[in-house]
Amino acid sequence: YHYKSAFQETILPMATKKFDLVIFGATSFVGQILTEYLFAHIGLSRKIKWAIAGRSEAKLKELRSSLGEGAAKLPIIVADSMDQPSLEDMCMKSRVIVSTVGPYVLYGETLVKVCAENGNDYCDLTGEAYWIKQMISKYEKTAKKSGARIVNCCGFDSIPSDLGNHFLQREGKKQFGRFFNKVKLRVKAMKGGASGGTIASMAEMIVAAKADPQVRRDMANPYILCPEKHGYSIKQTSIKGPTYDQDFGSWSAPFIMEAINARVVLRSNRLRRMAFGKDFSYGEAMLTGAGNGGRLKAIALTAGLAAFAGSMILDPVRNLMNKFVLPKPGEGPSLQDQLNGFFDIELMGENTKHDKLRVKVTGDRDPGYGCTAKMLAQAGLCLAFDLAKEDKAGGFWTPSTAMGDLLIERLGNHAGMSFTLVN
């Protein structure tokens, strides 16, 4: 990655760029859903100028055609994640880049580098914490200098968690005059499928952890996304097996997304200069119900997660599962499954005076695709239109520290999500 941009010295100011945002990886599974949603949401107008991008012009044209005659003039940009000059050309044309191209550890670095160097705002839906750490260490100084706002994790991981905590803390401060130093998120109900791209990202993380002891240590570190001298005074704990939750009156099991969500929420507190306290604790779990039925469900969920992780570690088993069981990259839940999907999450906060409050975060589509596509699209629009460069400096931000209330409002108005107090 030592290619020197030929146009870095004469790059166009952000205000004069041709596009407000570009969807990079528009032909990926989630990219197609996002493009369809964005076209239905904003269409083609002079007010919002956008384009779709990817490495295959033929596939991009096919996607555009699938949107109908009204999309005939939707601009197309051909760019490849491994071809830096093509990415620089794309970034020179747009203020904001929305990327769906994963696994990001394999395909994401060059675009982050180019955005950081050239001052482009950027958001993605990665859940790869160890990759984000690498990007922060390599490019944060560059992004701060150029004014690029880099916002990872703008999908189901980790917007409901990060913005849910932001909403909870805001309401807690209003009601009790102080923030909560203990927060737990519980998934009450959720329905949705997995795509080949998500499975590929999870498998890549497991393979990387198996190959590199440092990656294993990083993945186990809840403060991986915080600076080395993070300032936290406590050891974070997470639910590893069936556990009865007194606050929710239910058995609970590990939630697989905690591995990224908790790290993002802890980074948000650090970026807010530890506003929620040096002893701020945060954890997530899935509720499985009360009584013996709930306990048995929690046992089954825990065993299922362990079996999946075990199968991914063993090369022969992983290869067989990839070949015969798991969806391939580009495959995912059907449109009907996306429409029938949803999520219902609650967060509970407790402060040092033992005041407690609960909030609910819901979504009206399957979490990983229907909802994620809408979250990512609205994050891109928020960066483009709601957040002036003078309002937020360049650097690596979390969804809540970059966009906070602005994005909550957008998601409520345009993305079928709700953030509400629980009576």
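**Entry 1: ground rules**

I count a residue as buried under 20% relative accessible area, as exposed over 50% and as partly exposed in between (1.4 Å probe, protein chains only). This is a predicted model, in which local features need pLDDT of at least 70 and side-chain atom pairs count only at pLDDT 80 or more, while totals for chains, interfaces and linings use all residues. Residues are numbered from 1 along each chain as its sequence is written, and side-chain values use heavy atoms, with hydrogens and water left out.

**Entry 2: overview**

I began with the whole protein, which has 16 helices and 14 strands (DSSP runs numbered from the N terminus: H or I over at least four residues for helices, E over at least two for strands). Of the 423 residues, 54% are buried. I then looked up contacts (heavy atoms within 4.5 Å) between residues at least 6 apart in sequence, and 79% of them join residues at least 24 apart.

**Entry 3: the core**

Next came the largest nonpolar core, a set of buried Ala, Val, Leu, Ile, Met, Phe, Trp, Tyr and Cys residues joined through side-chain atoms within 4.5 Å. This core holds 112 residues, and Trp-50, Met-90 and Met-403 have the most contacts inside it. Helix α14 (residues 367-385) gives the largest share, eleven residues. I picked Met-90 for a closer look: leaving out residues up to four places away in sequence, Met-90 touches Val-22, Phe-24, Ala-53, Ile-77, Ala-79, Ile-97 and Leu-111. A background note to self: in soluble globular proteins, nonpolar side chains tend to be buried together.

**Entry 4: α16 and its partners**

I followed α14 to helix α16 (residues 404-414). Their axes, lines fitted to C-alpha atoms over the stretch in contact, come within 10 Å and cross at roughly 130 degrees, on a scale from 0 to 180 degrees between N-to-C directions. The pair α14 and α16 is therefore oblique; angles under 35 degrees count as roughly parallel, over 145 as roughly antiparallel, 65 to 115 as roughly perpendicular and the rest as oblique. The crossing of α14 and α16 is right-handed, a term for the near helix being turned clockwise from the far one by less than a right angle, with left-handed for anticlockwise. From α14, the contact is made by Lys-374, Met-375, Gln-378, Ala-379, Leu-381, Cys-382 and Phe-385, and from α16 by Leu-406, Leu-407, Arg-410, Leu-411 and His-414. By class, I have eight nonpolar, two polar and two charged residues in this contact of α14 with α16. Here Ala, Val, Leu, Ile, Met, Phe, Trp, Tyr, Cys and Pro count as nonpolar, Asp, Glu, Lys and Arg as charged, and the others, Gly among them, as polar.

Then I turned to helix α7 (residues 159-176), which packs with α16 at about 110 degrees, the axes being 10 Å apart. So α7 and α16 are roughly perpendicular, and their crossing is left-handed. Ile-159, Leu-163, His-166, Phe-167 and Arg-170 of α7 meet Gly-404, Asp-405, Leu-407, Ile-408 and Leu-411 of α16. I note six nonpolar, two polar and two charged residues for the contact of α7 with α16.

**Entry 5: the β11-β12 loop**

Asn-351 sits in the loop between β11 (342-350) and β12 (356-363). Asn-351 is buried, at 2% relative accessible area. I found its C-alpha atom 8.6 Å from that of Gly-172, although the two are 179 residues apart along the chain. Setting aside neighbours within four places in sequence, Asn-351 contacts Phe-176, Arg-178, Phe-179, Phe-180 and Asn-181.

His-354 is in the loop between β11 and β12 too. His-354 is exposed, with a relative accessible area of 58%, and has a positive phi of about 70 degrees without being a glycine.

**Entry 6: backbone oddments**

Met-274 is not a glycine either, yet has a positive phi of about 60 degrees. I place Met-274 in the loop between α10 (258-271) and β10 (281-289), where it counts as buried at 14% relative accessibility.

I also looked up two cis peptide bonds. One runs from Gly-102 to Pro-103, with omega near -5 degrees, and Pro-103 belongs to the loop between β4 (94-99) and α4 (104-107). Another joins Asp-157 and Ser-158, with omega about 20 degrees; Ser-158 lies in the loop between β6 (149-151) and α7.

**Entry 7: one more loop**

I closed with Gly-119, in the loop between α5 (109-118) and β5 (121-124). Gly-119 is buried, with 4% relative accessible area. The C-alpha atoms of Gly-119 and Lys-145 are 8.3 Å apart, with their positions 26 residues apart along the chain.
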